[in-house]
Amino acid sequence: MDCEFLVIGSGIAGLTCALECAPHGRVVLLTKDRLPESSSQYAQGGIASVWSPDDSFESHIEDTLVAGAGLCHRDAVEQVVRDGPERVRDLIARGVRFDVGGDAEHGGYDLGQEGGHSQRRILHALDATGHEIIRALTERVRATPSISVRESALAVDLLLDRRAEPAAVWGAYVLDRETKAVHRVVAPATFLCTGGAGKVYLYTSNPDVATGDGLAMAWRAGAPVANMEFVQFHPTCLYHPAAKSFLLTEALRGEGAVLRRPDGERFMPRYHPRAELAPRDVVARAIDNEMKVHGYECVYLDISHQDAGWIRARFPTVHARCLEYGFDLARGPVPVVPAAHYTCGGVRTDAHGRTALPRLYACGEVACTGLHGANRLASNSLLEALVYAHRAAAHACTARREDRAAPPALAAWDPGRATTSDEEVVVTQNWDELRRFMWNYVGIVRSDRRLERARRRVELLQEEIQAYYWNFLLTSDLVELRNIADVAECIIASAHHRKESRGLHYTIDHPTSDPAWLHDTVVRRGPDGRPRVVPPEA
Ligand SMILES: Cc1cc2nc3c(=O)[nH]c(=O)nc-3n(C[C@H](O)[C@H](O)[C@H](O)COP(=O)(O)OP(=O)(O)OC[C@H]3O[C@@H](n4cnc5c(N)ncnc54)[C@H](O)[C@@H]3O)c2cc1C
């Protein structure tokens with residue numbers, strides 16, 4: 001056995017799991033890139049938590065339920081909201097410096113307010129909250145001797161004891177991206193903290209590491225996956241080949257920025273009485289519609305009618321980043337596209353972060369805890385990751401004290417007759433094709449016909465990927481391609497199944513909500529490897 005606790009992923013969920021488990025045994029923390037690289041690191045707004053005496057648990061619960069459009073699990077919402085302040089205090093104790101400036105009644109912290117929240121409850125560190133959280137937690141992790149960090153270590157698949165039913169998880173096969181060797185890490189408890197899957201789509205605000213690896217690994221091992229049709233799209237990401245995932249904050253529209261077509265015409269007033277200030281989903285759908293109907297590659301965000309000095313002072317970071325790519329916000333419109341931002345669905349977990357597979361936990365964006373339902377309330381995701389990482393670690397540590405079972409015989413990695421590929425172009429081509437048809441057919445606005453097209457294409461791609469996968473030695477691009485294809489299949493199957501529009505899932509064939517669909521969509525891997533929808537529990 002290599003350790004007592006294997007943690008896969010080094011965002012807020014993974015770092016928290018590692019720190020919580022560290023006093024109880026040896027921890028191996030794997031991360032496929034460098035330690036800080038994660039969505040957590042780029043979180044801008046902050047972390048929602050009931051902090052002010054004017055606020056209440058009931059209010060935060062109510063706001064979350066409203067955003068979730070009828071699909072939140074009330075017990076999960078209560079759990080996250082009520083545990084929230086305690087977990088935020090843990091962060092502060094671990095050295096996170098949130099902005100101060102509020103009155104003493106707010107504990108001295110400056111509390112922000114965001115869309116959908118009826119109170120000020122967002123703790124933040126300027127507009128770089130994630131960076132500050134990850135800074136403090138990585139410092140702690142590096143200073144903890146019982147945590148062994150392995151960077152450039154890509155988990156490929158879970159190590160399964162198939163004699164158990166369902167299969168029990170005893171760690172993972174891991175590709176060392178530098179030596180290209182695959183080895184096993186054996187542990188009696190494994191935490192998937194691998195984040196979301198924005199890279200399934202052509203345009204995303206997520207970093208390159210967000211390829212849904214944990215979700216795909218759990219899925220292949222037989223775990224149920226829930227609510228994958230609910231993908232949140234951010235309306236305005238900078239459109240430039242080199243600016244892969246740079247968001248243009250919604251505050252720009254709050255300060256008067258308007259959206260224009262390439263011919264200069266403003267289009268939002270035709271879509272909503274509040275024009276550019278309509279809810280995020282409405283704006284994203286309107287942009288998508290303009291792009292699809294007219295075949296535009298992007299639309300434009302324009303705040304240049306405001307005073308140039310004021311723009312530079314109010315939006316220094318955004319202004320500077322846009323200039324790097326040759327666009328001056330103060331002088332003219334900037335090209336934007338909507339972008340996949342957050343995966344509400346994930347590996348189904350319980351109140352302790354347990355998946356359906358023994359010894360496997362999932363925390364953070366990879367999991368579907370029931371908190372978000374059909375739409376995520378802003379700034380609830382960092383909180384969810386913290387709360388469930390804490391609960392899962394507590395559960396695993398107690399379980400370990402009571403269960404000292406030695407690992408069973410586990411299969412070594414079998415590279416078969418795989419050789420080095422001389423056709424890497426196949427991988428690049430398939431990556432591009434998959435992300436493009438997911439964007440066009442399974443994006444912000446869906447239809448039965450588009451979903452059917454996507455289903456046929458993903459099945460063809462899957463055949464090609466499978467053949468390639470077993471013939472050639474592993475590379476991280478190939479492992480990730482297989483994972484985004486599995487995630488794409490789950491999204492397509494879930495979206496195809498839901499014959500209504502609700503929250504983030506919008507289809508022109510069924511444009512209204514229907515109370516008959518007030519339940520989660522759960523899919524499992526069928527014997528043929530394809531997703532099967534599990535009928536809702538009576
Ligand atoms: C631009 C942006 C802004 C956001 N702003 C906010 C905000 O203000 N407030 C908020 O609440 N939420 C925000 N979110 C969402 C929030 O940041 C994420 O939901 C949250 O950080 C997810 O944390 P996590 O620990 O689950 O995953 P991540 O932080 O994404 O970490 C995943 C980790 O897993 C590693 N990994 C993945 N696959 C493997 C593998 N196969 N092997 C080894 N390692 C692997 C990755 O390298 C990474 O270290 C934002 C997201 C983005 C992209």
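**Figure 1. Arg 359 sits in the loop between strands S16 and S17.** The model shown here and in the following views is predicted. Strand S16 covers residues 346-348, and strand S17 covers 360-362. Arg 359 has a positive phi of about 75°. Yet Arg 359 is not a glycine. The residue is partly exposed, with a relative accessible area of 23%.

**Figure 2. Ser 152 also takes a positive phi, of about 55°.** Ser 152 is not a glycine either. The residue lies in the loop between strand S6 (147-150) and strand S7. Is Ser 152 buried or exposed? Ser 152 counts as buried, at 16% relative accessibility.

**Figure 3. A cis peptide bond joins Glu 165 to Pro 166.** Its omega is near -5°. Pro 166 is placed in the loop between S7 and strand S8. Strand S8 covers residues 168-176.

**Figure 4. The whole chain has 13 helices and 20 strands.** Its C-alpha atoms fill a box of roughly 70 × 55 × 50 Å along the principal axes. The radius of gyration is 23 Å, in agreement with the value near 24 Å for a compact globule of 538 residues. Of the 538 residues, 58% count as buried. Consider the contacts with a separation of 6 or more: 71% of them come from residues 24 or more positions apart.

**Figure 5. Helix H7 spans residues 280-294.** H7 has 15 residues and reaches 22 Å from its first C-alpha to its last. That is close to the 21 Å expected at 1.5 Å a residue. Which residues of H7 are buried? They are Asp 281, Val 283, Ala 284, Ala 286, Ile 287, Asp 288, Glu 290 and Met 291. These buried residues pack against strands S12 (231-238), S13 (258-260), S14 (299-302) and S15 (334-343), and against helix H6 (251-254). Just after H7, Gly 295 takes a positive phi of about 75°.

**Figure 6. Glu 290 of H7 belongs to a network of salt bridges.** The other members are Arg 261, Asp 263, Glu 265 and Arg 270. Side chains of opposite charge can pair when their charged atoms come close. The count of salt bridges comes to 44.

**Figure 7. Arg 74 and Glu 78 form a salt bridge within helix H3.** The N to O distance is 3.0 Å. Why can these two side chains lie on one side of the helix? Arg 74 and Glu 78 are four residues apart in H3 (residues 74-93), so about one helical turn separates them. An α-helix has 3.6 residues a turn, so residues three or four places apart point the same way. Arg 74 is partly exposed, with a relative accessible area of 46%. Glu 78 also counts as partly exposed, at 23%.

**Figure 8. Asp 157 and Arg 220 meet in a salt bridge.** The distance is 3.0 Å, N to O. This pair links distant parts of the chain, 63 residues apart. Asp 157 is in strand S7 (residues 153-161), and Arg 220 is in helix H5 (residues 213-220). Asp 157 is buried, with a relative accessible area of 15%. Arg 220 is buried too, at 11%.

**Figure 9. Glu 489 pairs with Arg 530 in a salt bridge.** Their closest N and O atoms are 2.7 Å apart. The two residues are 41 positions apart and link distant parts of the chain. Glu 489 is in helix H13 (residues 476-497). Arg 530 is in the loop between strand S19 (522-525) and strand S20 (531-534). Glu 489 counts as buried, at 5% relative accessibility.

**Figure 10. The largest nonpolar core has 73 residues.** Which of them touch the most other members? They are Val 200, Tyr 201, Leu 434 and Met 438. Helix H13 gives the largest share of this core, eleven residues. Beyond its neighbours within four places in sequence, Tyr 201 contacts residues including Val 231, Phe 233, Ala 340, Met 438, Trp 439 and Ile 491. A second, separate core has 53 residues, among them Leu 15, Ile 133, Ile 134 and Ile 147.

**Figure 11. The structure holds zero disulfides.** Cys 397 is in no disulfide, and the nearest cysteine sulfur, that of Cys 21, is 4.1 Å away. Cys 397 is buried, with a relative accessible area of 6%. Why does Cys 344 form no bond with Cys 368? Its sulfur is 8.3 Å from that of Cys 368, the closest cysteine sulfur, and this is too far for a bond. Cys 344 counts as buried, at 3% relative accessibility.

Definitions and conventions:
Residues are numbered from 1 along each chain as its sequence is written. This is a predicted model: local features need pLDDT of at least 70, side-chain atom pairs count only at pLDDT 80 or more; totals for chains, interfaces and linings use all residues. Side-chain values use heavy atoms; hydrogens and water are left out. The expected span of a helix is 1.5 Å times one less than its number of residues. Buried means under 20% relative accessible area, exposed over 50%, partly exposed in between (1.4 Å probe, protein chains only). Contact means heavy atoms within 4.5 Å. A disulfide is a pair of cysteine sulfur atoms within 2.5 Å. A salt bridge is a side-chain nitrogen of Lys or Arg within 4 Å of a carboxyl oxygen of Asp or Glu. A nonpolar core is a set of buried Ala, Val, Leu, Ile, Met, Phe, Trp, Tyr and Cys residues joined through side-chain atoms within 4.5 Å. The radius of gyration is taken over C-alpha atoms; the globule rule is 2.2 Å times the number of residues to the power 0.38.
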